[in-house]
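Me: I've got this model open, and I'd like a close look at one part of it. Start with the empty space inside, then walk me outwards through whatever is worth clicking on.

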Amino acid sequence: MSRPLHRGVSGGGRLSGNVQDYLEDSQMKIKIDKEDLDKSSKTSSGHVSLSLRNPFQFLFSDNSSSKQDSIENGFVLSDPFTPTLRNRHMLALLLLKLSLVVIVILGLTMSFLWTISLTPASRSPVIRGYRRLQEQLVSDLWDIGELSLGATRFKDSEFCSLEYENFVPCFNVTENLELGLTEGTEFDRRCGPMSKQNCLILAPPKYKIPHRWPTGRDVIWIDNVKITAQEVLLSGSLTKRMMMLDEDQISFSFASSMVDDNIEDYSHQIAEMIGLRNESYLVQAGVRTVLDIGCGYGSLGAHLFPKQLLTMCIANYESSGSQVEIALERGLPAIVGSFASKQLPFPSLSFDMIHSAWDGVEWDKKDGIYFIEVDRVLRPGGYFVWTSAFANTPASVRDKENFKKWDFVHNFAKDLCWELLSQQDKTVVWKKPSKKNCYASRKHGSGPLICKEGRDVESPYYHPLEACIGGTHSRRWIPIEERNNWPSRATLSSKELAVYGVLPDDFMEDNINWKSTVRDYWSLLSPLIFSDHPKRPGDEDPIPPDYMVRNVLDMNAHFGGFNSALLDARKSVWVMNVVPTSGVNHLPLILDRGFVGALHDWCEAFPTYPRTYDMVHADGLLSLQTVKQSHCSMLDLFYEIDRLLRPEGWVILRDTTSLIESARAIAHRLKWEARVVEIESNNDEKLLVCQKPLIRSQTNSL
């Protein structure tokens, strides 16, 4: 049964149900649209303004639902051409394409001649306007190219087949094994032309909207993730043993009496081994961000979150029973990743603590190169917590093979200048040195060398693993005990900003703007979220709850201002701050503020599972991709956003007016509810606010 329409928004409400219901509704809608096409094409296309008590105003057409299906980007879409007109149509297309080539060549030639004719003194005043003209030219050419492909180009996107239900591009273990990749390299990320799905991935047949935070942290729907009941019952690691299967739900317990070693006791033990009273004091010891390698299902991060500790889970791709997928379903930060042969997509010196427990990594192999990668991303003075079956226990000492492994690990940690703080049972805690003088005092030939400055890349993007100690040349070598504790860490001083080449005024202005923008976003979404809630006539819409979204993806994070403003507004969210490889790399600054994030090329698939984010946000990403002339189309980018977004999740894009209009046309093809929002303080930019419908795949049962 479909939901009521959104109040104050034309074009219908949220879509739900299976594909058959959706197709039947679409067929009926197409018939109505064809009858109204002539009538609607004669009406004015002006927008009606709607006041929302904030700087934004919704824009929608008088007959937007039918009109937007028949008109894209200002062009009326007619039925397919008849055979009698086919030759004439093909000739027109040929002439159009030849004209387009001539226009491009002339435009680029004149642009080049005009540019070199400018004197150095005259270039500065015109460079900004010239860039805007370049963006407009590329956008217009993109629209012409879309038109030249004919009316079939504007058809609605197709649904993927069922095998794509849990599709994670760039991770194909079976194919990698066939290529002869072994010893963990079969889990490596490899992107290529065949990695794109170019279709809409359907939700599972019994998919349900996740519970809101914090209930969703402890209870998830089993049909929302790919895992069998047997995988739940046979889960072996510490964090996995917190799971209990209850009909159609999986519940997680922090202090279950059914297990001997629960998460609360385990985290308490870690704090004591560091020398603290309990885990609540970790923040005072300089710990804010934790990288959990092979995180189980995220129970450690779930337990530490109320302690103001932000834990990022990273684990190999798994076709079923995925640690990353379930952690994200619980509303916890997670990303698919392997460091069998490539460096992690994080800058050097990124995390205050790194945790590894029963993760399956063969730490004693490859001459300790995995420990070297851990050392690279660990901040000076940070902690490495390691729980393993071959730690130095009486049982492992009696096993010669385990003792040999432990002996290698123990000695290699010394060569890295790590200090062994404590060991209890199978858990060991090391501390990375705060000063660099230890490396010079090592015996000649002992341990890995210091990376030369040319090889010490601060922000590698899936570079091969380096067998040398990295991060020592970075200006960010600051011990965690000398950094501000959270939450003061989020506000950087002038001296700290100088390390990243950022001016204090720019940083302050960015923070102020984002605080205002987040307030506007929440006011903007309020009538939409509660549009299907009954209310008395004359009553105002209630304020949206803080927990309406949990997992947020910022596709172009800049300084992390959106993340900071959400936390200042006391929204209980976490943000995956993504810095595009095509832009300025501010990821070190973002991570040093106490947030989490990663580098990424948005012409490739993001390393996560489908349906994992409640909100996707991008400010200026379309312009960035256009100016940098990326090797993918806007449609490719939107397919990826659709894959990442949960059903009934939100998309907020801010960009130039021309790009937003092009994006709206694509959004309708993806069956999103899409509305353009004006920004009163900026005539050159607009917002695009979209919501993805819930469309389930059909069951095979009769």
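Reply: Here's the inside space first, then some helices and a few odd spots along the backbone.

Before you zoom in, bear in mind that this is a predicted model, where local features need pLDDT of at least 70, side-chain atom pairs count only at pLDDT 80 or more, and totals for chains, interfaces and linings use all residues. Residues are numbered from 1 along each chain as its sequence is written, and side-chain values use heavy atoms, with hydrogens and water left out.

Rolling a probe the size of a water molecule over the atoms shows where empty space is left. A cavity here is a set of points, on a 1 Å grid over the protein atoms alone, where a 1.4 Å probe fits but cannot get out. Searching the whole structure turns up eight of 30 Å³ or more. The largest holds about 110 Å³, a volume being the space filled by probe spheres set on the points, which are joined across faces, edges and corners.

So who lines the largest one? Counting residues with an atom within 4 Å of a point, you get F159, L200, I201, L202, A203, R611, D642, P647, L670, K692, P693 and I695. Nine of these lining residues are nonpolar, three are charged and none is polar. Here nonpolar covers Ala, Val, Leu, Ile, Met, Phe, Trp, Tyr, Cys and Pro, charged covers Asp, Glu, Lys and Arg, and the others, Gly among them, are polar.

One lining residue to click on is K692. K692 sits in the segment after β21 (682–691); helices (H or I, at least four residues) and strands (E, at least two) are DSSP runs, numbered from the N terminus. K692 is a buried lysine, at 6% relative accessible area. Buried means under 20% of that area, exposed over 50%, and partly exposed in between, with a 1.4 Å probe and protein chains only. Its side chain reaches the backbone oxygen of L645 at 2.8 Å. That is a polar contact, meaning a pair of N or O atoms within 3.5 Å; within protein, one must be able to donate a hydrogen and the other to accept it, and residues adjacent in sequence count only if both atoms are side-chain atoms.

Next, P610, in the loop between β17 (596–600) and β18 (613–619). P610 is buried too, at 2%. Its C-alpha is 5.0 Å from that of R643, though the two are 33 residues apart in sequence. A similar exercise works for F171, in the loop between α4 (120–148) and α5. F171 is buried at 8%, and its C-alpha is 6.7 Å from that of Y317, 146 residues away along the chain.

Now for a couple of helices. Helix α21 (residues 657–669) has 13 residues and reaches 19 Å between its end C-alpha atoms, close to the 18 Å expected; that expected span is 1.5 Å times one less than the number of residues. Twelve of the 13 residues of α21 are buried, including E661, R664 and R669. K671 follows α21 with a positive phi near 70°.

Compare α13 (residues 400–415), whose 16 residues should span 22 Å and do put their end C-alpha atoms 23 Å apart, which agrees. Its buried residues are N402, W406, V409, F412 and A413. They cover an arc of only 135° around the axis, which puts them on the same side of α13; the arc is that of the directions from the helix axis to the C-beta atoms. On the face turned away, you'll find K400, K404 and K414 exposed. D399 caps the N-terminal end of α13, with a side-chain oxygen 3.0 Å from the backbone nitrogen of E401. After α13 comes C417, with a positive phi near 70°, and C417 is buried at 10%.

K366 also has a positive phi, near 55°, without being a glycine. K366 sits in the loop between β11 (351–357) and α11 (369–377) and is partly exposed at 34%.

Last, two cis peptide bonds: W213 to P214 has omega near 5°, and W486 to P487 has omega about 10°. P214 lies in the loop between α5 (173–178) and α6 (215–218), and P487 in the loop between α14 (437–441) and α15 (494–500).

Note on methods
On a 1 Å grid over the protein atoms alone, a cavity is a set of points where a 1.4 Å probe fits but cannot get out, and a pocket is an open set with protein on both sides within 12 Å along at least five of seven lines; lining residues have an atom within 4 Å of a point.
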